[in-house]
Amino acid sequence: MELRVKRAPRIDLEITVPGDKSISHRAVIVAALSNGMCTLRGFLPSEDCMNTVNAMRALGIKIEQPEPATLVIHGKKRVLTAPSQEINCGNSGTTMRLLAGLVAGQKFESRLVGDPGLSKRPMDRVIAPLCEMGASVVAEGPEGTPPLRIHGGSLHGIQYRPSVASAQVKSALLLAGLFAKGKTTIEEPVPTRNHMEKMLNYFLVRTTTEDDGSVNVFGDQVPESRDFDIPGDISSAAFWLITAAAQPRGHLLIRDVGLNDTRTAMLGVLLRMGAHVREAVEDVEHVEPRGVVEVTGVPLKATVIQGKEVPQLIDELPILSIAGVLASGKTTIRHAEELRLKETDRIAAIAQNLRTMGAQVAELSDGLEIYGPAPLHGARLPSFGDHRIAMAFAIAGLFADGETIIQDAECIRESYPGFQAVLEEFTNAKRMQVSTPVIGSLAPVPAQEA
Ligand code: S3P
């Protein structure tokens, strides 16, 4: 499928975005381990999250889906059954890594497979600690790549310091730790998204976080069945927030979006770039804070994105690169070598597509230097089979002369099934009366040193 995009007029809109992808994966897994029925609302019915749903079904959990965004999960008190065939994780790295942690704690054998894209991604980051906990995890692909053959059971807790800042690794080890003897500790020198800890706590599983950021979980706990409402995905919202931010006097309000502060670093970057950004957490009591974000656009200024900020906006770097090319000055992204290991090598993909659109870009081993503001011209661009590259460059097309065509855009369904409909709304700029919430301005956030 090709996605065709034209320059958009200035927007003034109010929208919502579908459920958070990271939270959806975790809610399904923890509810499935609970001691009863759990209804999840606001679930993201994207291909990636459905891979997790189908994986849990393959492990013997009944999951009904009365509506696309509603799941009824019949938890079986931590009892999972051996899958009758291999578990297909599709293109979802989160599914494979979290599942690896989960099945490492089970006494049966599982084989986790992925599509050709996922089959190139590194799994050694979960294999090493899971083996240290006592599981047998064998990568059948070259250099620690999928498929994974996992035989688990009889795990013991370990203290582990991952070599990369990764919420997927932390979450895999927390799940394995739930089935391990004693305490499992994950040292986190650079904080990553904390949805797994929060989800476990919401289901009354005890975890603790130490002053140095280490997270502990104790084995043998049964999650208590509960219902959960998943907020909108701030990573999906980012595409539209950045569009509004880069249009002088563009205005956008997004309601009911997740505002967990391990995920909102992108808003701080937009503030540094000069945009007017306001957020209001509406439900402070909720385990996952949610609320309203409002952005008013300005001529953006370049910024530096680096250090501890990077893991907290890792998925937003493709669209922040588009903000960079629209801003005046040199935008620098550093310490983001993990981008080369996502659905595609995102550093190379961003550099190639920005150049095709007429921008000047330098590729660094761990990031990019992007010179703006560049007069972008429409072009035919590959998606590299990467949903966030496809969406980021569809947004670039809203700022380009002529037509931009994103090839192989069906990958967008992995994280954001309704993206195209909102894109059309932006292109047609159906003007709406926006009721501005009374929320205070945020102060600019300095770039963080490594
Ligand atoms: C995710 C964590 C991030 C992110 C991915 C989703 C998660 O990956 O890029 O899209 O849900 O845990 P890493 O933790 O491996 O950086």
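Reader: Where does Pro 373 lie?
Author: This is a predicted model, in which local features need pLDDT of at least 70, side-chain atom pairs count only at pLDDT 80 or more, and totals for chains, interfaces and linings use all residues. Residues are numbered from 1 along each chain as its sequence is written, and side-chain values use heavy atoms, with hydrogens and water left out. The peptide bond from Gly 372 to Pro 373 is cis, with omega near -5 degrees. Pro 373 lies in the loop between β23 (367–372) and β24 (380–381) (strands are DSSP E runs of at least two residues, helices H or I runs of at least four, numbered from the N terminus).

Reader: Which residue does a cis peptide bond join to Pro 146?
Author: The loop between β8 (136–139) and β9 (148–151) holds Pro 147. With omega about 0 degrees, the cis bond joins Pro 146 to Pro 147.

Reader: What is the phi of Ser 154?
Author: Ser 154 is found in the loop between β9 and β10 (155–156). Most residues other than glycine have a negative phi. Ser 154 is not a glycine, yet its phi is positive, at about 50 degrees.

Reader: How many residues of the shell around the ligand are charged?
Author: The shell (residues with a heavy atom within 4 Å of the ligand) consists of Ser 22, Arg 26, Thr 94, Ser 166, Ala 167, Gln 168, Arg 193, Ile 314, Asp 315 and Lys 342. Asp, Glu, Lys and Arg count as charged. Two shell residues are nonpolar, four are polar, and the number charged is four.

Reader: What share of the ligand's accessible area does the protein cover?
Author: Polar contacts (N or O pairs within 3.5 Å) link side chains to oxygen atoms of the ligand: Ser 22 at 2.7 Å, Ser 166 at 3.0 Å and Lys 342 at 2.7 Å. On its own the ligand has 380 Å² of accessible area (Shrake-Rupley, 1.4 Å probe), and the share covered by the protein is 95%.

Reader: Why does the ligand lie between two domains, and which are they?
Author: The elements that give two or more residues to the shell are α1 (21–33) and α5 (167–178). Domain bounds come from an automatic or database assignment. The ligand lies between two domains because both give residues to its shell: domain 1 (3–19 + 231–444) and domain 2 (21–208).

Methods: A polar contact is a pair of N or O atoms within 3.5 Å; within protein, one must be able to donate a hydrogen and the other to accept it, and residues adjacent in sequence count only if both atoms are side-chain atoms.
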